[in-house]
Amino acid sequence: MDIVYLNDLRIDTIIGIYDWERRIKQTVCLDLEMATNVAKAAASDNIEDALDYKAIAKRLINFVSNSEFLLVETLAEQAAQIILTEFGVSWLRLKVDKQGAIRGAQGVGIIIERRQPEPEMTSHP
Ligand SMILES: Nc1nc2c(c(=O)[nH]1)N=C([C@H](O)[C@@H](O)CO)CN2
């Protein structure tokens, strides 16, 4: 398994449970690792054969900057589902870091791992 990654993608968004957090934008910082196989792209040298990290970054920026979640959990889950379904990624690890949300901490947040659901087994009589 190979990995395409995207680190320190900073996006301003409305996020948080407190009243003051609903009135301003805060910066969330995303680190993303995605399973892939780079063999085809390495052989062809063609972006069409690659998992395009620029396309994924643009999609995440569009989604997150227009969202208004209360919890980082919800933001992470929905962003992960977009990557799995729209880009056909089989497995990913996503860190969502809320910069400066807690005094004394550089960041707080969550890390999730998600994969494509297993295909359902059909029973044959
Ligand atoms: N597990 C979580 N804990 C907290 C969250 C969150 O999104 N997930 N959010 C907050 C507040 O919005 C906080 O970031 C403001 O400082 C507190 N705990």
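Two strands are said to pair if DSSP finds at least two bridges between them. In this predicted model, one such bridge position has Asp31 opposite Lys95 in strand 3.

**View 1. The whole chain holds 3 helices and 4 strands.** Read from the N terminus, the elements follow the order β-β-α-α-α-β-β. The C-alpha atoms occupy a box of roughly 55 × 45 × 25 Å along the principal axes. An unreviewed UniProt entry annotates residues 4-114 as "domain: Dihydroneopterin aldolase/epimerase". Within residues 4-114, helix accounts for 32% and strand for 34%. The C-alpha atoms at the two ends of this span are 15 Å apart.

**View 2. The 4 strands form an open sheet in the order 1-2-3-4.** The pairing in this sheet is antiparallel. Strand 1 and strand 4 (107-115) are the edge strands, each pairing on one side only. On average, neighbouring strands are turned by 15 degrees against each other, with direction ignored. Strands of a sheet pair through backbone hydrogen bonds, either parallel or antiparallel.

**View 3. Strand 1 is paired with strand 2.** Strand 1 covers residues 2-13 and strand 2 covers residues 26-36. The two are antiparallel, and 10 bridges connect them. At one of these positions, Ile11 has Val28 in strand 2 as its bridge partner.

**View 4. Strand 2 is also paired with strand 3 (residues 91-99).** This pairing is antiparallel and comprises 7 bridges. Two positions can be picked out along it. Cys29 has Asp97 in strand 3 as its bridge partner, and Asp31 stands opposite Lys95.

**View 5. Strand 3 and strand 4 run antiparallel and are joined by 9 bridges.** Lys98 is placed opposite Val108 in strand 4. Elsewhere along strand 4, Glu113 is the residue opposite Arg93.

**View 6. Helix 2 and helix 3 lie against the strands.** Helix 2 lies across strand 1 and strand 2, and runs at about 30 degrees to strand 1. Helix 3 packs on the sheet and touches strand 2, strand 3 and strand 4. The direction of helix 3 makes about 145 degrees with that of strand 3.

**View 7. Helix 2 (residues 53-65) crosses helix 3 (residues 72-87).** Their axes come within 11 Å and cross at roughly 140 degrees. That angle makes helix 2 oblique to helix 3. The crossing of helix 2 past helix 3 is right-handed.

**View 8. Side by side, residues of helix 2 and helix 3 make contact.** Helix 2 contributes Ile56, Arg59, Leu60, Phe63 and Val64. From helix 3 come Leu75, Ala79, Ile82, Ile83, Glu86 and Phe87. Of the residues in this contact, 9 are nonpolar, 2 are charged and none is polar. Arg and Glu count as charged, so Arg59 in helix 2 and Glu86 in helix 3 are the charged residues here.

Note on methods: Residues numbered from 1 in each chain as written. Predicted model: local features only at pLDDT ≥ 70, side-chain atom pairs only at ≥ 80, totals over all residues. Axes fitted to C-alpha atoms, helices over the stretch in contact; angles between N-to-C directions. Parallel < 35°, antiparallel > 145°, perpendicular 65-115°, else oblique. Left-handed = near helix turned anticlockwise from the far one by under 90°. Contact = placed C-beta atoms within 7 Å. UniProt positions renumbered as here; feature names shortened; annotations may be inferred.
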